[in-house]
Every structure is written in C-alpha cells, then in structure tokens.
Amino acid sequence: MIARIEDFVTRVLEGTTARLFHVKLQPVQIAKRVIRAMEANQTVSLNRTFAPNSYVVSLSGPDYEQFERFKRSLERDLAEAVLAGARERTLTLTSFPRVEIDRSEAVATGEVRVRCALVDETGEEMPEDHPALRELASGHTQILDRDKLLAVQPRGPKASLEMSGEGRRVPVGAGTISIGRAPDNDIVLDDRRVSRRHAEVRLRLGKHTLYDLGSTNGTFVNGKKVNEIALSEGDRITFGAATLIYHAEE
C-alpha cells in the first residue's frame, strides 16, 4: 500500500504546483505526508523503534471542505496507512493509530501540515525513557496485529465539564463530547442562540481540544471567540447564555 502511495505521488502534484495549476488535493498526497511525519518522529527506546500513534492533519478551508463529507472514512483509511507503513518499516505501534483531519486558516490551499506524537493510553506524550516503552522494548515481538491494536483504546486524561450554575459535571475522556441544542448531543443546551450541532470536545495529541462546528453565534473561551483551542484547567466556555467550566483532574 505505502509503496503504491509513494510511487503515485510525485513532486509535481504537491504544494506549490497544486496551487499554481488548481489541482485538487488528493487523499494519496495526504497519506504520503502522514507517512513522512511518521518517519520523521520515531522514538527509540532500548532495542526498539516506536512510531507515533496520534496524528493531526491540518488543511486549508477549501481543501477541508473537499473532504468534509467523508472525513471520518478518510481518517480511518489514513490510520490503516500508518499501520501498513509501520509494518513495512519494522516500527512498533503501542495502539491503533488515531488520525484527525482539521481546518486551519494558517495552511494554504494545496498544502498539508501534519503534527504527530507517541501518546500513552491516557493521551499523554511518551518520552523515550517512558516505563511502558522500556517494557515493550524488552519484549521479542512487535505490536502490529490490527485487532490487538484496536483493542488498546486510549482512556484520555481525566477531566470533566461543569454546567455553571447547576454543579452537574460531564466526564470527558478519549471519546468525543458533542454540545448543542439538538437532543442527541452529549450536552444539550436549551438556548436558541446555540446551534443544533454547536461544538465538540475531542482528544488531540494528548489534550482535550474544543472545536466550534461552524455555529451561528460562535463559541467563546474566557471571553474570546475561538474556532479551536486546547483546554486548560478552569477555562470558561460560553455558548449563548450557557457556560461550561473545564476541570482537569489528577
């Protein structure tokens, strides 16, 4: 799979050329950039080399919109490409790769920016002397079996979102927390200024990150309007008249 990706994508299809000749960004170009990031961010511990297992792919607004309808499917395909690439390069993965595609105003059309990290099951970045890596490195087999990797689900750092004025707290872990007016959200806000699908909190590179989902009236953190932001202890998140407080827990 990876060999085909690398053969298919040539320099003429990338970055500047794509912008000059209005060539639409192709999934295979994104896959190649993700593999490059994997190769450039390996962690060596004892006798084993580990591949990053958490990736954030940033695209321009127009490129993001091109993939938005099948974003989740593409993220899964990119994760499979990371797994195949790790196998081909005899790298070790500690969990099934997590790939997230997001929109960034700092990225030009046709460009792809990839950030990645090796994180543990709580979502924290793992240095090369991390005890878990040393334990794995002392073994004799690589952890590359797809089904076994899928069974290793990150828990995410412990945190919660407090409903200001109510005292009720919603636990936040590795899964996505949806926020909005629609009744099927994880946090339902009965306010006409809140969009039906207003915002999400997701784990990204070990940090709980808040994303505004293109809401009509915006999302504010500590009084400042945001599109996305990594949350910190005590952050006050405002949607219309409702406020949530983020609590990082030990």
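Student: In which sense do strand 11 and strand 14 pair?

Tutor: This is a predicted model. Strand 11 covers residues 207-212. Three bridges link it to strand 14, and one joins Thr 209 to Ala 230. The sense of this pairing is antiparallel.

Student: Which strands are the edges of the open sheet with the order 9-8-10-11-14?

Tutor: That open sheet has five strands and mixed pairing. An edge strand here pairs on one side only. The two that do so are strand 9 (187-188) and strand 14 (228-230).

Student: Is Ile 187 buried or exposed?

Tutor: Ile 187 lies in strand 9. Buried means under 20% relative accessible area. Ile 187 has 1% relative accessibility, so it counts as buried.

Student: What separates the C-alpha atoms of Ile 187 and Met 163?

Tutor: Along the chain, these two residues are 24 residues apart. Ile 187 is nonetheless in contact with Met 163, and also with others including Leu 161, Val 170 and Leu 244. The C-alpha separation of Ile 187 and Met 163 is 9.3 Å.

Student: Why is strand 16 largely enclosed by the rest of the structure?

Tutor: Strand 16 spans residues 242-248, seven in number. Buried means under 20% relative accessible area. Strand 16 is largely enclosed because the number of its residues that are buried is five.

Student: Which residue of strand 16 stands opposite Leu 161?

Tutor: Strand 6 (residues 159-163) pairs with strand 16 in the antiparallel sense. Five bridges make up this pairing. Opposite Leu 161 stands Tyr 246.

Student: Which residue in the turn between strand 15 and strand 16 has a positive phi?

Tutor: Strand 15 (residues 236-239) pairs with strand 16 over four bridges, in the antiparallel sense. Phe 239 has Ala 242 as its bridge partner. The two strands form a hairpin with two residues between them. The turn residue with a phi of about 60 degrees is Gly 240.

Student: How many residues does the largest nonpolar core have?

Tutor: Val 57 is among the residues with the most contacts inside this core, as are Ile 30 and Ile 101. Val 57 touches both Ile 30 and Ile 101. Elements giving two or more residues to the core include helix 3 (27-40), strand 3 (54-59) and helix 5 (71-88). The size of the largest nonpolar core is 26 residues.

Student: How many residues are in the second, separate core?

Tutor: Met 163, Ile 177, Val 226 and Leu 231 are among its members. Ile 187 touches two of these, Met 163 and Ile 177. The residue count of the second core is 20.

Conventions. Residues numbered from 1 in each chain as written. Predicted model: local features only at pLDDT ≥ 70, side-chain atom pairs only at ≥ 80, totals over all residues. Heavy atoms only, no water. Buried < 20%, exposed > 50% of the residue type's maximum accessible area, 1.4 Å probe, protein only. Pairing = 2+ DSSP bridges. Core = buried A, V, L, I, M, F, W, Y, C linked by side-chain atoms within 4.5 Å. Contact = heavy atoms within 4.5 Å. Lists of a residue's contacts leave out its neighbours within four places in sequence.
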